[in-house]
Amino acid sequence: MQVKDIMTANPICISDGASLRDAHLLMQSRGVRHLPVIAESDGRYRGVLTHKKMIASVVGMLNRYGAGALDRKERFTPIAEVMEVPGQHLGTDEPLTVVVDYFIDNKSGCLPVLDADMRVIGIVTSSDFVKLAKRLLQQQG
């Protein structure tokens, strides 16, 4: 099996010009835990913001500045300051065994799937592997 067999195609992305507040609201409204970050200028992949990283940033702001300043701090914190910078990414033909090993070794929850022009065409998350396991278990009957 390959990445294209389990990836979520055309994932919800966010611009690198967005704020942490924008990302927070987008994650809440769309029910996603990972947001690939794309360049506002050309749409190319710049990094990823995970729910875990976003929550850690918000809690850090809350502890440091208090509840009264949280909204303002979130609105003026560029997503580029909290996103994880580009690291590993995938192509559609990557074997799933490689992806599983990466997830295990790096304790990562997602990897973006990029085309040759570094544009996001999909995402693979640990949830995609859980769904695959369910499907395979159901086939065994």
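What pattern does the protein follow when you read along the sequence? Colour the cartoon by secondary structure and trace it from the N terminus: you get β-β-α-β-β-α-α-α-β-β-α. That comes to five helices and six strands. Keep in mind as you click around that this is a predicted model.

**Stop 1: the whole chain**

Zoom out first. The C-alpha atoms fill a box of roughly 55 × 35 × 25 Å along the principal axes. There are 141 residues here, and buried ones make up 36% of them. If you like contact maps, take the contacts between residues at least 6 apart in sequence: 59% of those join residues at least 24 apart.

**Stop 2: the three-stranded sheet**

Select 14-15, 34-38 and 45-50. These are S2, S3 and S4, and they make an open sheet in the order S2-S3-S4, with mixed pairing. S2 and S4 stand at the edges with a single partner strand each, so one side of each has no neighbour in the sheet.

Now look at the S2 and S3 pair, which runs parallel and is joined by two bridges. Show Ile-14 and look across to S3 for its bridge partner, Val-37. Leave Ile-14 on screen, as it comes up again at the next stop.

**Stop 3: the largest nonpolar core**

Which residues touch the most other members of the largest nonpolar core? Show Ile-14, Leu-20 and Leu-49 as spheres: those are the ones, in a core of 16 residues. Helix H1 (20-30), strand S3 and helix H2 (51-65) each supply at least two residues of this core. The largest share is from H1, with four residues.

Centre on Leu-20 and list its contacts, skipping neighbours within four places in sequence. You should find Leu-49, Met-54, Ser-57, Val-58, Met-61, Glu-74, Thr-77, Ile-79 and Val-82. Another core lies apart from this one; it has 12 residues, among them Val-3, Ile-6, Leu-90 and Phe-103. We'll head back towards Val-3 at the end.

**Stop 4: helix H3 and its buried face**

Select 67-75, which is H3, and pick out Ala-69, Leu-70 and Glu-74, all of them buried. Turn the view until you look down the helix axis. The buried residues of H3 fall within an arc of 135 degrees, so they line one face of the helix. A bit of helix geometry helps here: an α-helix has 3.6 residues a turn, so residues three or four places apart point the same way.

What do the buried residues of H3 pack against? Bring H1 and H2 back into view; those two helices are the answer.

Draw the axes of H1 and H3 if your viewer can. The two helices pack at an angle of about 100 degrees, with their axes 5 Å apart. That makes H1 roughly perpendicular to H3. To see the contact itself, show Leu-20, Arg-21 and His-24 on the H1 side, and Asp-71, Glu-74 and Arg-75 on the H3 side.

Is Glu-74 buried or exposed? At 2% relative accessibility, Glu-74 counts as buried. Beyond its neighbours within four places in sequence, Glu-74 is in contact with Ser-19, Leu-20, Arg-21, His-24, Val-58 and Met-61.

**Stop 5: strand S6 and its two partners**

Jump to 120-125. This is S6, where five of the six residues are buried, so the strand is largely enclosed by the rest of the structure.

Two strands pair with S6. On one hand there is S1 (8-9), antiparallel over two bridges; on the other there is S5 (110-114), also antiparallel, joined to S6 by five bridges. Click on Ile-123 to see both pairings meet: Ile-123 is the bridge partner of Thr-8, and Pro-112 stands opposite Ile-123 too.

Then follow the chain from S5 into S6. The two form a hairpin with five residues between them. In that turn, check the backbone at Met-118, which has a positive phi of about 65 degrees.

**Stop 6: Val-98 and Val-3**

Finish in helix H4 (96-106), where you'll find Val-98. With a relative accessibility of 39%, Val-98 counts as partly exposed. Put a distance label between the C-alpha atoms of Val-98 and Val-3: it should read 9.6 Å, although the two are 95 residues apart along the chain. Val-3, remember, is one of the members of that 12-residue core.

Technical notes. Residues numbered from 1 in each chain as written. Predicted model: local features only at pLDDT ≥ 70, side-chain atom pairs only at ≥ 80, totals over all residues. Heavy atoms only, no water. Pairing = 2+ DSSP bridges. Core = buried A, V, L, I, M, F, W, Y, C linked by side-chain atoms within 4.5 Å. Buried < 20%, exposed > 50% of the residue type's maximum accessible area, 1.4 Å probe, protein only. Contact = heavy atoms within 4.5 Å. Arc of directions from axis to C-beta. Axes fitted to C-alpha atoms, helices over the stretch in contact; angles between N-to-C directions. Parallel < 35°, antiparallel > 145°, perpendicular 65-115°, else oblique.
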